[in-house]
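Trainee: I would like a close look at a single part of this protein, and then a walk outward from there. Could you take me through it slowly?

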Amino acid sequence: MGKNIEIESKVLLSEQEYKKLLPLFNDGKHLQQTNYYFDTKDFEIIGKKAGLRIRKESDYFELTLKLKSQKGKIEVNQEITAKQADLFKNCGVFPSGEVYDEVVKLLENSHPEIICFGTLENERFELEENGDLLCLDMSKYCGLTDYEIEIESSSMEDAITHMKNLLENNDIEYKENRIHKIQRLLNAVIK
């Protein structure tokens, strides 16, 4: 677990573009994920350009805080149990550990009151290509469905170049997406 830097290029897709790219992922990994997003009642974490979530894949739960940095997003990850995830989602009992410590520093509050403000179901296809990780996502939240492709790379320049080439080879226009899943969910929740 611990910290790592996530550098990725993202593009929102239409359903038709998603279906066009789907065959490229036939030899990749298929995942079903549920993301639970958290913040204070006043959305102080998002206000500091950060995001807090629990990701559930099968019986595995990971608590993640994403912090903005100049190179990309710093991710602070911590494996938690199903019971810890349930207590956090339903009772606001924040699991102790590195993520909690980082949230306390971020908010300058030793007892932050955190709530779960939304859930996003994600069907993800992953494929490694030329040292990069490609992720094709279909996300469902608040009665909405959207589609996105992400490319994680060692540099933003490499991620964007790889993305542009992939889309151009499939007759899809490159339109960089700067609205992350957590923000799209939040926008739907507060409407």
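Leaving aside its neighbours within four places in sequence, which residues is Ile45 in contact with?

Mentor: Happy to, and please keep in mind throughout that this is a predicted model. Once neighbours within four places in sequence are set aside, Ile45 is in contact with Phe38, Asp39, Ala50, Gly51, Leu52, Leu65, Val103, Leu106, Leu107 and Ile114. Several of those names come back when we turn to the core. The largest nonpolar core has 21 residues, and Ile45 is among those that touch the most other members, together with Leu52, Ile54, Leu65, Phe94, Val103 and Ile114. At least two residues of this core come from each of strand S3 (29-39), S4, strand S5 (60-68), strand S6 (73-80), helix H3 (82-91) and helix H4 (98-107). H4 gives the most, with 5 residues. Apart from this core lies another one, of 17 residues, which includes Tyr18, Phe25, Ile149 and Ile172. As background, nonpolar side chains in soluble globular proteins tend to be buried together.

From the core, let us go to the open space. The largest pocket has a volume of about 1200 Å³. It is lined by 45 residues, and Glu6, Glu8, Lys66, Lys73 and His180 are the closest to its centre. Strand S4 (residues 50-57) supplies the largest share of that lining, 6 residues, and S4 is also one of the elements that give at least two residues to the largest nonpolar core. By kind, the pocket lining divides into 22 charged, 12 polar and 11 nonpolar residues.

Charge is a good lead into the salt bridges, of which the structure holds 16. One of them pairs Asp146 with Arg184, with 2.7 Å between the closest N and O atoms. This pair links distant parts of the chain, since Asp146 sits in strand S9 (residues 144-152) and Arg184 in helix H6 (residues 181-189), 38 residues apart. Why do we call Asp146 buried? Its relative accessible area is 10%, and buried means under 20%. Arg184 counts as buried too, because its relative accessibility is 8%. Glu148 also meets Arg184 in a salt bridge, at 3.3 Å from N to O. Here again distant parts of the chain are linked, with Glu148 in strand S9 and Arg184 in helix H6, 36 residues apart. Both Glu148 and Arg184 are buried.

For another setting, look at Glu176 and Arg178, whose side chains form a salt bridge at 3.3 Å, N to O. Glu176 counts as partly exposed because its relative accessibility is 35%, while Arg178, at 65%, counts as exposed. Elsewhere, salt bridges that share partners join Glu8, Lys10, Arg124, Glu126, Asp137, Asp146, Glu148, Glu150, Lys181 and Arg184 into one network. Glu8 is a name you have met already, as one of the residues closest to the centre of the largest pocket.

A last stop is Lys140, which has its place in strand S8 (residues 132-141). Lys140 is partly exposed because its relative accessible area is 44%. Not counting residues up to four places away in sequence, Lys140 touches Thr119, Leu120, Glu121 and Thr145. Met163 lies 23 residues from Lys140 in sequence and 23 Å from it in space, C-alpha to C-alpha.

Technical notes. Residues numbered from 1 in each chain as written. Predicted model: local features only at pLDDT ≥ 70, side-chain atom pairs only at ≥ 80, totals over all residues. Heavy atoms only, no water. Salt bridge = Lys/Arg side-chain N within 4 Å of Asp/Glu carboxyl O. Helix = DSSP H or I, 4+ residues; strand = E, 2+ residues; numbered from the N terminus. Buried < 20%, exposed > 50% of the residue type's maximum accessible area, 1.4 Å probe, protein only. 1 Å grid on protein atoms, 1.4 Å probe; cavity = no way out; pocket = protein on both sides within 12 Å on 5 of 7 lines; lining within 4 Å. Points joined across faces, edges and corners; volume = space filled by probe spheres on them. Nonpolar A, V, L, I, M, F, W, Y, C, P; charged D, E, K, R; others polar. Core = buried A, V, L, I, M, F, W, Y, C linked by side-chain atoms within 4.5 Å. Contact = heavy atoms within 4.5 Å.
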